[in-house]
Amino acid sequence: MRQVRFNAKLCVTCHSCENACALVHSEANSTSEISQLGLRPVTRITITEKKGKPKMIRCVFCKKPKCVDACPENAIIQQDDGYVY
C-alpha cells in the first residue's frame, strides 16, 4: 500500500484539494452545477486535523491529480514516479 505524505507545515487546511478532487471525480463541470443537480461529490483525498496538525488520510494517486493544482500553498506535489506527496 502506498503511503501518502504531504507538507503539513505548508497546509492551511483550506480543503481546496478536497474540493478540486470531488469536482474532477463528479459528473458536474462546476461546484455550482454539483449543487444545482443535487449530486453528491466524492472526494478521493481527505484532510483532517490530528493533535492540531493537518493530516492527509486518504488518496488514490490519480494520474493527473487536481488536488496538486488546487493547493495554494504547494503542500501537495506529485513526484515523477506518480506518488502524491
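Student: Which residues line the second largest cavity?

Tutor: Good place to start, and keep in mind that this is a predicted model. The lining of the second largest cavity is made of C21, V24, H25, R44, I45, C59, V60, F61, C62, P65, K66 and C67. Two elements, α1 (16–24) and α3 (66–70), give two or more residues each to that lining. Its volume is about 80 Å³.

Student: How do the lining residues of the second largest cavity divide by class?

Tutor: Sorting a lining by class tells you what kind of side chains surround the space. Here nine are nonpolar, one is polar and two are charged.

Student: How many cavities of 30 Å³ or more does the structure hold?

Tutor: Two. The largest cavity has about 100 Å³ of space. It is lined by 14 residues, and those closest to its centre are C11, C14, H15, C17 and C71. By class, that lining counts 10 nonpolar, three polar and one charged residues.

Student: Let me step back to the fold. How many helices and strands does the chain have?

Tutor: There are three helices and two strands. If you follow the sequence, the order is α-α-β-β-α. For the chain as a whole, 33% of the 85 residues are buried. Another handy reading is contact range: among contacts with a separation of 6 or more, 47% are between residues 24 or more positions apart.

Student: Which residues of α1 are buried, and what do they pack against?

Tutor: The buried ones in α1 are C17, E18, A20, C21 and A22. They pack against β1 and α3.

Student: What is the general idea behind looking for a nonpolar core?

Tutor: In soluble globular proteins, nonpolar side chains tend to be buried together. In this model the largest nonpolar core has 15 residues, and F6, I45, M56 and I76 touch the most other members. Helices α1 and α3 each supply at least two residues of this core. Notice that I45 also appears in the lining of the second largest cavity.

Student: You listed E18 among the buried residues. Why does E18 count as buried?

Tutor: The cut-off to hold in mind is 20% relative accessible area, with buried residues under it. E18 has 16% relative accessibility, so it counts as buried.

Student: Which polar partners does the side chain of E18 reach?

Tutor: For a charged side chain, it helps to look for N or O atoms around it. The side chain of E18 makes a polar contact of 2.9 Å with the side chain of H15. The E18 side chain also reaches the backbone nitrogen of I47 at 2.6 Å. Leaving aside residues up to four places away in sequence, E18 touches T43, I45, T46 and I47. H15, the side-chain partner, is among the residues closest to the centre of the largest cavity.

Student: Where is N19, and is N19 buried or partly exposed?

Tutor: N19 is also in helix α1. Its relative accessible area is 47%, so N19 is partly exposed. A C-alpha distance adds the long-range view: N19 and T43 are 24 residues apart along the chain, yet their C-alpha atoms are separated by 7.2 Å.

Student: What does K66 touch?

Tutor: K66 lies in helix α3. Not counting residues up to four places away in sequence, K66 touches A20 and V24. K66 and C17 are 49 residues apart in sequence, with a C-alpha to C-alpha distance of 7.2 Å. With a relative accessible area of 41%, K66 is partly exposed, and K66 is one of the residues lining the second largest cavity.

Student: I also like to scan backbone angles. Which residues other than glycine have a positive phi?

Tutor: Two to look at are T13 and K51. T13 has a phi near 50 degrees, and K51 has a phi of about 55 degrees. T13 sits in the segment before α1, while K51 is in the loop between β1 (46–50) and β2 (53–58).

Student: How accessible are T13 and K51?

Tutor: T13 counts as partly exposed, at 22% relative accessibility. K51, by contrast, is exposed, with a relative accessible area of 80%.

Terms used:
Residues are numbered from 1 along each chain as its sequence is written. This is a predicted model: local features need pLDDT of at least 70, side-chain atom pairs count only at pLDDT 80 or more; totals for chains, interfaces and linings use all residues. Side-chain values use heavy atoms; hydrogens and water are left out. On a 1 Å grid over the protein atoms alone, a cavity is a set of points where a 1.4 Å probe fits but cannot get out, and a pocket is an open set with protein on both sides within 12 Å along at least five of seven lines; lining residues have an atom within 4 Å of a point. Grid points are joined across faces, edges and corners, and a volume is the space filled by probe spheres set on the points. Ala, Val, Leu, Ile, Met, Phe, Trp, Tyr, Cys and Pro count as nonpolar, Asp, Glu, Lys and Arg as charged, and the others, Gly among them, as polar. Helices (H or I, at least four residues) and strands (E, at least two) are DSSP runs, numbered from the N terminus. Buried means under 20% relative accessible area, exposed over 50%, partly exposed in between (1.4 Å probe, protein chains only). A polar contact is a pair of N or O atoms within 3.5 Å; within protein, one must be able to donate a hydrogen and the other to accept it, and residues adjacent in sequence count only if both atoms are side-chain atoms. Contact means heavy atoms within 4.5 Å. A nonpolar core is a set of buried Ala, Val, Leu, Ile, Met, Phe, Trp, Tyr and Cys residues joined through side-chain atoms within 4.5 Å.
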